[in-house]
Amino acid sequence: MKALIFGKTGQVARELARLLPDAVFLGRDQADLGVPGMCEAAIAAHPSDVIINAAAYTAVDKAESESDLAHAVNGAAPAEMARAAAAQGVPLVHISTDYVFDGGGEAPWKPDDETGPLGVYGASKLAGEQGVRAAGGVHAILRTSWVFSAHGANFVKTMRRLSGTHDQLRVVADQIGGPTAAADIAAAAVRMAQVLNSTPEQTGTYHFSGFPETSWSDFAREIFSQLGTGTTVEDIPSADYPTPAARPFNSRMDCSSLRASFGIHRPDWRNSLRDVIAELEST
Ligand SMILES: NC(=O)C1=CN([C@@H]2O[C@H](COP(=O)(O)OP(=O)(O)OC[C@H]3O[C@@H](n4cnc5c(N)ncnc54)[C@H](OP(=O)(O)O)[C@@H]3O)[C@@H](O)[C@H]2O)C=CC1
Ligand SMILES: Cc1cn([C@H]2C[C@H](O)[C@@H](COP(=O)(O)OP(=O)(O)O[C@H]3O[C@@H](C)C(=O)[C@@H](O)[C@H]3O)O2)c(=O)[nH]c1=O
Ligand SMILES: [Mg+2]
C-alpha cells in the first residue's frame, strides 16, 4: 500500500512514520495547507493507493484570534484534498476531533450525533469534515481526542514540564474525555486505510478514543504517578481556569461502530502512557 501523508512533524504524523517507513510525508514546505491549490498539486505529484491527512491547525486558544488561518488549514485544505482524492479514486483517511461537539450531557457521543463546536478550532475542524463528505469520495473521518505522545505539544509533556517547577498544580476536573496515544491513532488510521482499499462501503465517520474516560485532573494524577514525581493535583472547575476558547465538558465518545466496521478496539490509555513516559525518560 503506497501511502501519501499530509504532515511530517506532528504527533500522529511521526507515529505514522514508524508504521509506514516507505510512505511519502509532506511537510509544510511541500504542502502548505494555508495556501489554496497546494494540496491538489501535491496529490497530483505523488500518486498513491491511500491518503492520510495528519496535518492540522491544533492551537485551540490561538485559533480564536487566527480564525481565517484555522479555517483555511482545517476546513478548506481537507476539502481540497478530498476532491483531489475522489477524482483519482483514492481513499482518504481524515482525522478530526471531539471538539466538534458542544459537550452537553453525559452520554458518549455517537458519530451521527448533532455537532455544535464551542470555538474556532472545533468549527474549523467541522468544516473540514463537511468538505470531505461533500467531495463524495471513499473516505473515513476518524474523530479522536486528547492526543498525547513523546513528541510535539500535548498535556502529558506540559504536565511533565510543570512538575519540574511546581509541587502542586490546579487542573480542571469537570471536562471528561478519553486520552488517546498518537501511536494508537496511527495504527487505527493505517488499518482503516487498508480496509477502505478493499471495502469502500465502510466510508463514513468513526470515533476512536482511549478508555477509561477520565478528567484532565485525574489524567494529570496518573501522569505524575507514572513519572513518580509526587506532584499533587488540585481539582478545579473550568470556570477557575479561564481560556480564550471554551472546551466541551463531555467529550466521551462512543467508539462501537469503529469496532464493528474495522475491528479496532479502544486502547487503555494508561498502558500507552507507560510507553510514552518510557520514551520521554529515555531521551
Ligand atoms: N492534539 C490533539 O489533542 C488532538 C488532535 N486531533 C487531530 O488529530 C490530527 C493530528 O493532530 P496532532 O498530531 O496532535 O497535531 P500536531 O499539532 O502535533 O501537528 C500538526 C501538524 O500539522 C502541520 N501543520 C500545521 N499547519 C500547517 C500548514 N499550514 N501547512 C502544512 N502543515 C501544517 C504541522 O506542521 P509544523 O510542524 O510545520 O507546524 C504539524 O506537522 C489533527 O487533525 C488534529 O486536529 C484530534 C483530537 C485531539
Ligand atoms: C496546563 C493546564 C491546563 N489545564 C486545563 C486546560 C484545558 O481545559 C485542559 C487541557 O489543556 P490543553 O491545552 O492541553 O488542551 P487542549 O489544547 O484544549 O486539547 C485539545 O487539543 C485539541 C487539538 C483537540 O482536538 C482536543 O481533543 C484536545 O486534546 O487542561 C489546567 O486545568 N491546568 C493546567 O495547569
Ligand atoms: Mg493544546
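**Two ligand shells and the elements around them**

In this predicted model, the shell around ligand 2 is made up, by class, of 10 nonpolar, five polar and three charged residues. These belong to a set of 18 residues surrounding the ligand, of which Thr58, Thr97, Phe155, Val171 and Val172 are the closest. Two elements, helix 5 (155–162) and strand 7 (168–172), each contribute at least two residues to the shell around ligand 2, and strand 7 provides the largest share, with four residues.

Ligand 1 has its own shell, in which 28 residues surround the molecule and Gly10, Gln11, Ala55, Ala56 and Val147 are the closest. Helix 1 (11–19) and strand 4 (92–97) are the elements that give two or more residues to this shell, and the largest share, three residues, comes from helix 1. Divided by class, the shell around ligand 1 holds 13 nonpolar, 11 polar and four charged residues.

Turning to the strands at the start of the chain, strand 1 (residues 3–6) sends Ala3 and Ile5 one way and Leu4 and Phe6 the other way, and all of these residues are buried. Strand 1 has two partners to consider. With strand 3 (residues 50–53) it pairs in the parallel sense over four bridges, and within this pairing phenylalanine 6 stands opposite asparagine 53 of strand 3. With strand 2 (residues 24–26) strand 1 also runs parallel, the two being joined by three bridges, and here isoleucine 5 stands opposite phenylalanine 25 of strand 2.

Helix 5, already met as a contributor to the shell around ligand 2, also has a buried side, formed by Val156, Met159 and Arg160. Seen down the axis of helix 5, these buried residues fall within an arc of 100°, and so they line one face of the helix. What they pack against can be stated by element: strand 6 (147–148), helix 7 (216–227) and helix 9 (269–281) receive the buried residues of helix 5.

The packing can be followed from the other side through isoleucine 223, which lies in helix 7. Isoleucine 223 has 25 other C-beta atoms within 10 Å, and because a residue counts as buried when 20 or more such atoms lie within that distance, isoleucine 223 is classed as buried. Leaving aside residues up to four places away in sequence, isoleucine 223 touches Val156, Met159, Arg160 and Leu273, and three residues of that list, Val156, Met159 and Arg160, are the buried residues of helix 5. The C-alpha atom of isoleucine 223 is separated by 9.5 Å from that of lysine 157, although these two residues are 66 residues apart along the chain.

Aspartate 275, placed in helix 9, has another kind of setting. With 14 other C-beta atoms within 10 Å, aspartate 275 falls between the limit for exposed residues, 12 or fewer, and the limit for buried residues, 20 or more, and is therefore partly exposed. From C-alpha to C-alpha, aspartate 275 and alanine 44 are 37 Å apart in space and 231 residues apart in sequence.

As for annotation, an unreviewed UniProt entry places the feature "domain: RmlD-like substrate binding" at residues 1–280. In the model, the end C-alpha atoms of residues 1–280 lie 31 Å apart, and the span is 40% helix and 16% strand.

Conventions: Residues are numbered from 1 along each chain as its sequence is written. Chains are lettered from A and ligands numbered from 1 in the order in which they are written. This is a predicted model: local features need pLDDT of at least 70, side-chain atom pairs count only at pLDDT 80 or more; totals for chains, interfaces and linings use all residues. A residue is near a molecule or strand if its C-beta atom, placed from the backbone, lies within 6 Å of it. Ala, Val, Leu, Ile, Met, Phe, Trp, Tyr, Cys and Pro count as nonpolar, Asp, Glu, Lys and Arg as charged, and the others, Gly among them, as polar. UniProt positions are given in the numbering used here, feature names are shortened, and annotations may be inferred rather than shown by experiment. The arc is that of the directions from the helix axis to the C-beta atoms. Two residues are in contact if their C-beta atoms, placed from the backbone, lie within 7 Å. Two strands pair if DSSP finds at least two bridges between them.
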